[in-house]
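Here is a short briefing on one protein chain. Please look over the sequence and the fold before reading on.

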Amino acid sequence: QVQLVESGGGLVQAGGSLRLSCAASGRTFSRYVMGWVRQAPGKEREFVGCISWSGSTYYADSVKGRFSISREYAKGTVYLQMNSLKPEDTAVYYCAAGRSIATHPNRYEYWGQGTQVTVSS
């Protein structure tokens with residue numbers, strides 16, 4: 001069982017940066033692939049990126065080069081650094097945990113409550 005709590009969302013102007021955090025509890029945190037998924041109003045959930053237990057990262061084309069994911073095992077925390085934000089990045093961002101690398105949101109087993117990110121133009 002993994003519990004996830006996101007933080008760090010907010011309002012930012014286009015071109016700005018935000019860092020989201022996801023605090024994970026549970027003894028097996030290090031065994032899970034940690035992903036970030038977002039959902040904009042009226043749209044389906046969209047894979048943003050993920051990080052494996054070995055530190056390998058994968059990103060959606062829409063955020064590649066602007067977003068980066070890292071994890072800090074000692075703190076049980078995963079980060080999503082978002083730079084050069086665009087209005088189309090506006091969404092609720094969810095942290096998720098799964099047992100394997102996956103780009104489809106349905107492959108993730110555990111989810112946080114989400115944090116709102118709003119990018120103004």
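The points below go from the whole chain to a single residue.

This is a predicted model. The protein chain has 11 strands and zero helices. Its radius of gyration, 13 Å, agrees with the value near 14 Å for a compact globule of 121 residues.

**Fold and dimensions**
- Read from the N terminus, the elements run β-β-β-β-β-β-β-β-β-β-β.
- Along the principal axes, the C-alpha atoms fill a box of roughly 40 × 25 × 25 Å.
- Take the contacts in the protein chain with a separation of 6 or more: 55% of them join residues 24 or more positions apart.

**Burial and surface**
- Buried residues make up 46% of the 121 in the protein chain.
- The exposed area of the protein chain is about 6,200 Å².
- Carbon and sulfur atoms supply 47% of that area.

**Charge**
- The protein chain carries 13 positive and 8 negative side chains.
- The centres of these two sets lie 7 Å apart.

**Val-92**
- Val-92 sits in strand E9, which spans residues 91–98.
- Leaving aside neighbours within four places in sequence, Val-92 is in contact with Val-37, Arg-38 and Gln-39.
- With those neighbours still left aside, Val-92 is also in contact with Gly-114, Thr-115 and Gln-116.
- Tyr-58 is 34 residues from Val-92 along the chain. The C-alpha atoms of Tyr-58 and Val-92 are separated by 20 Å.

Conventions
Residues numbered from 1 in each chain as written. Predicted model: local features only at pLDDT ≥ 70, side-chain atom pairs only at ≥ 80, totals over all residues. Heavy atoms only, no water. Helix = DSSP H or I, 4+ residues; strand = E, 2+ residues; numbered from the N terminus. Rg over C-alpha atoms; globule rule 2.2 N^0.38 Å. Buried < 20%, exposed > 50% of the residue type's maximum accessible area, 1.4 Å probe, protein only. Contact = heavy atoms within 4.5 Å. Areas by Shrake-Rupley, 256 points an atom, 1.4 Å probe, with all protein chains shown as cover. Lys, Arg positive; Asp, Glu negative; His and termini not counted. Charge placed at Lys NZ, Arg CZ, Asp CG, Glu CD.
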